[in-house]
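Trainee: I would like a close look at one part of this model, with the rest brought in only where it helps. Please connect the details rather than list them.

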Amino acid sequence: METLIWSVHVIAAIIIIILILLQQGKGADMGAAFGSGASGSLFGASGSANFLSRMTALATTVFFITSLTLTYFSSGSHAGEESVMQKLDVKSGEVAVPAAEGDKLGTSEKEGESGASSKVGEIPE
């Protein structure tokens, strides 16, 4: 079922692209308003919607519906999984500290002397 919806979604996207590229833009007759021709208004005659604009609206509606359907399907497939934050191992409370120049094994001189390690939420002294 999901494969069928994906297929319709991709086909609708391709049809939308083709239909938009076939249409003449509203600004194409803009020069006519400034004396280079006759036109009904500044941005061209605003007549009823032609075949291409109606087909574009139909393809856009199909694309929108398939987008919502695919979103609904994808939200239900991850119901039992943990989030990325839940998968992190923060139970020990230790934070990995990058090694500074001259340090051994990522401990600073202060930590190396006192034997203390950084904990989550603590401010280092």
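Among contacts in the protein between residues at least 6 apart in sequence, what percentage joins residues at least 24 apart? With that as background, please go through helix H2 (residues 51–76): which of its residues are buried, and what do they pack against?

Mentor: The model is predicted, and what follows should be read as a description of that prediction. The percentage is 65%: that is the part of the contacts between residues at least 6 apart that joins residues at least 24 apart in sequence. The protein has 4 helices and 0 strands, and the order from the N terminus is α-α-α-α. Of its 125 residues, 12% count as buried. The accessible surface is about 10300 Å², with carbon and sulfur atoms accounting for 64% of that area.

Now the helix itself. H2 covers residues 51–76, which is 26 residues. From first C-alpha to last, H2 spans 38 Å, close to the 38 Å expected at 1.5 Å a residue. Its buried residues are Thr56, Ala59, Thr66 and Leu70, and the partner they pack against is helix H1 (2–22). The spacing of such positions can be read against a simple rule: an α-helix has 3.6 residues a turn, so residues three or four places apart point the same way.

Take Thr56 of H2 to begin with. Thr56 is classed as buried because its relative accessible area is 11%, under the 20% cut-off. Leaving aside neighbours within four places in sequence, the contacts of Thr56 are Leu19, Ile20 and Gln23. The C-alpha atoms of Thr56 and Ile17 are 8.9 Å apart, although 39 residues separate the two in sequence. The side chain of Thr56 has two polar neighbours to note. One is within H2: a polar atom of this side chain lies 2.7 Å from the backbone oxygen of Leu52. The other is Gln23, whose side chain forms a polar contact of 2.6 Å with that of Thr56.

Gln23 sits in the loop between H1 and H2. With a relative accessibility of 31%, Gln23 is partly exposed, whereas its partner Thr56 is buried. Beyond residues up to four places away in sequence, Gln23 touches Leu52, Ser53 and Thr56. The C-alpha separation of Gln23 and Thr56 is 9.6 Å, for 33 residues along the chain.

Further along H2 comes Thr66. Thr66 is also buried, since its relative accessible area of 8% falls under 20%. Its side chain makes a polar contact of 2.7 Å with the side chain of His9. His9 is also among the residues that Thr66 touches outside its own sequence neighbourhood, together with Ile5 and Val8.

Thr61, another threonine of H2, has a different status. At 42% relative accessibility, Thr61 is partly exposed. Even so, its C-alpha lies 9.1 Å from that of Ala12, which is 49 residues away in sequence.

That leaves the surface. Met1, Leu4, Val8, Phe51, Met55, Leu58 and Val62 make up a nonpolar patch with about 690 Å² of accessible area together. H1 and H2 each contribute at least two residues to this patch, and the largest share, 4 residues, is from H2. Met55, one of the patch residues, belongs to H2 and is partly exposed, with a relative accessible area of 30%. Val8 links this patch to the preceding description: Val8 is in the patch and is also touched by the buried Thr66.

To put the parts together: the buried residues of H2 pack against H1. Two of them also make side-chain polar contacts, Thr56 with Gln23 and Thr66 with His9. H2 also supplies the largest share of the nonpolar surface patch.

Methods. Residues numbered from 1 in each chain as written. Predicted model: local features only at pLDDT ≥ 70, side-chain atom pairs only at ≥ 80, totals over all residues. Heavy atoms only, no water. Expected span 1.5 Å × (residues − 1). Buried < 20%, exposed > 50% of the residue type's maximum accessible area, 1.4 Å probe, protein only. Contact = heavy atoms within 4.5 Å. Patch = residues over 30% accessible without salt bridge, like charges linked within 9 Å, V, L, I, M, F, W, Y side chains within 5 Å. Areas by Shrake-Rupley, 256 points an atom, 1.4 Å probe, with all protein chains shown as cover. Salt bridge = Lys/Arg side-chain N within 4 Å of Asp/Glu carboxyl O. Polar contact = N/O pair within 3.5 Å; in protein donor to acceptor, adjacent residues only side chain to side chain.
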